[in-house]
Amino acid sequence: MQSVAVGWQVFQITHRPLDLGYVGLMQFLPGILLSLPAGHAADRFDRRTVLLTCNVSYALCSVLLFLQARSGATSVLPIFAVLLLIGITRAFSGPVSQALVPQLVPQEHFGNAVTWGASIFQVATVVGPALGGLIYGWTHGAHSVYATAACMYSAAFLCILMMHVRTGRMETRDVSLDTLLAGFRYVWQEKIILGSISLDLFAVLLGGATALLPVYAQNILHIGPRGLGLLRSMPSAGAALMAILLAYYPIRRRAGVVMFVAVSIFGASTIVFGLSHSVILSSIALFVLGASDMNSVVIRSTLVQIATPPAMRGRVSAVNLLFIGASNEFGQFESGITAQWFGAVPAVVLGGVGTLVVVGLWSWLFPQLRQMNRLLPTLETQVIPEAASQQELV
C-alpha cells in the first residue's frame, strides 16, 4: 500500500518520471553501503531480536510519511529522506528474515515452505496495492494509506514477538574483513548461485516496467490512482497463483531450463506491456510477468538457502538481497532515467529486449545453471564442501 501512495504522491508533486527513479534510488543506496554489516549482524546477533527492531523502525517511517502528508508538503525531499530510512531498515531486515526461515521448518520441507511463504507474501502484495489505491482515492490523500501501513507494521511486530525461536550467535569468530566478505566469497565460488542471482539482477534491472506504472496510469491508460492500484496488483496476482501451483506441483526436473524459460517470458511480457494501450492487455501482460518471475524467485530462494551453511546464511542472504535490491530499486532508477530521456514506452520496450539478451548470454556463461536438474536439500548441520556442493545440487 505504501509503495503505491509514495509513487502517486511523488508524481503528483513533480510530474516527472525521473523522480519515480529517485524513489527507488533512495531505497537502494543503503543496501549497497550496509550489505556487509547487515549480513554480519544477521549471523552475529539473535535474528528474532533484529527483526523486531526493524519492524519498529518500519512503523516509525510510516508515521513520518503520515506527518509530512498531513502537513500538505509540496516538496519531495522529506519523502526521499524517509525512504532513505526505509532503505536502511530494509538492508538489515532482509538478510535476517531470510536467514531465519530455515530455523522455523524441518529441512526436508524447506523448499515447500519457501513456496508457501512466497504465495502468502504475494497474496498480501495483491491486496496491498489495490487497497492502497482505493484508500488514496477515497480519502483524496496519501495520509490514510501511511496510517494504515503503520498499523500493519505494528501488527507484524506483535506476530514476530509471539515466535519462540532463538537462533543465538551463529558466527563465533571476531569481526574482521575476512568474516565480512565471507558471503561474497562463497557466492563467487558457487557458480550456480552466482549465475542464478545475477540472472535475476540484470533481467529485472532492465525489465523494470512496474516503476513506470504511475506514468502509464495517468498519461497512457488514463485510469487514475485506483487504476494504478489495479496495475500494481496484477504482477502479484500472477505471482501468487504461480506460487500456489508450485506449492502443489513443485519443480522436480530441469529446474535450470525452467528458470531460463521463465525469465524469457518475463522479458516478452514486459515488451507487450510497453506497447499496449489497452487496460485489459496491459493487465494480462503484468499478470504473466509476475507469474513467470515467481518461478525464478522460488528456484533462486531455495537454491541460495539449501546450498549455504547455517552460520553463513545471513551474509549470503545479504549478497542475494543486494542483487535483488539492485534489480528492483536501482532498476526503478534506471527506468526513470530512460523514460525521462526517451519516453516511457521506448524505455519499457528496450528493457524487455535487454532482458531477452541477458537470458541468451547467461545461458552461455553459466552452463551449470542451465543444466541444473533438481534442487536437493542438504543436511542442516552439513557445511557443503566447495568441490562437491555443485554436484549435490545438480
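Which residue just after α1 takes a positive phi? The residue is H15, whose phi is about 55°, and this turn of the backbone is a convenient place from which to enter the structure. Because this is a predicted model, local features need pLDDT of at least 70 and side-chain atom pairs count only at pLDDT 80 or more, while totals for chains, interfaces and linings use all residues. Residues are numbered from 1 along each chain as its sequence is written, and side-chain values use heavy atoms, with hydrogens and water left out.

The protein has 17 helices and zero strands, where helices (H or I, at least four residues) and strands (E, at least two) are DSSP runs numbered from the N terminus. Of the 394 residues in the protein, 56% are buried; buried means under 20% relative accessible area, exposed means over 50%, and partly exposed lies in between, with a 1.4 Å probe and protein chains only. Among the contacts with a separation of 6 or more, 86% are accounted for by residues 24 or more positions apart, a contact being heavy atoms within 4.5 Å. The accessible surface comes to about 16,500 Å², and 70% of that surface belongs to carbon and sulfur atoms; accessible areas come from the Shrake-Rupley method with a 1.4 Å probe, and for residues only the protein chains shown count as cover.

Helix α1 itself covers residues 2-14, and its 13 residues reach 18 Å from the first C-alpha to the last, close to the 18 Å expected at 1.5 Å a residue, where the expected span is 1.5 Å times one less than the number of residues. The buried residues of α1 are Q2, V4, A5, V6, G7, W8, Q9, V10 and F11.

Further along the chain, a nonpolar surface patch of about 730 Å² is made by L29, I32, L33, V63, L64, L67, L84, L85 and I88. The elements that give two or more residues to this patch are α2 (17-44), α3 (47-70) and α4 (77-100). Patches are made of residues with over 30% relative accessible area and no salt bridge, like charges being joined within 9 Å and nonpolar side chains (Val, Leu, Ile, Met, Phe, Trp, Tyr) within 5 Å; a salt bridge is a side-chain nitrogen of Lys or Arg within 4 Å of a carboxyl oxygen of Asp or Glu. One of the patch residues, L33, is found in helix α2 and is exposed, with a relative accessible area of 68%. V82, by contrast, has its place in helix α4 and is buried, with a relative accessible area of 7%. Leaving aside residues up to four places away in sequence, V82 touches C61, L64 and L65. V82 and Q27 are 55 residues apart in sequence and 9.3 Å apart in space, C-alpha to C-alpha.

Helix α10 (residues 213-220) is mostly covered, with six of its eight residues buried, namely L213, P214, V215, Y216, A217 and I220. After α10 comes H222, in the loop between α10 and α11 (224-248). H222 has a positive phi of about 60° although it is not a glycine, and at 59% relative accessibility H222 counts as exposed.

The aromatic side chains add a further layer to the picture. The structure holds three aromatic pairs. The rings of Y216 and F273 have their centres 4.6 Å apart and their planes at 35°, so this pair is tilted. Y216 in helix α10 and F273 in helix α12 (residues 255-275) are 57 residues apart, and the pair thereby links distant parts of the chain. Y216 is buried, with a relative accessible area of 0%, and F273 is buried, also with a relative accessible area of 0%. W362 and F366 form another tilted pair, 6.0 Å centre to centre with 40° between the planes. W362 counts as buried at 10% relative accessibility, and F366 counts as buried at 11%. Rings of Phe, Tyr and Trp (its six-membered ring) pair if their centres lie within 6.5 Å, and planes under 30 degrees apart count as stacked, over 60 as edge-to-face and the rest as tilted.

A last residue to inspect is S283, whose place is in helix α13 (residues 279-306). At 10% relative accessibility S283 counts as buried, and, not counting residues up to four places away in sequence, S283 touches L230, L231 and M234.
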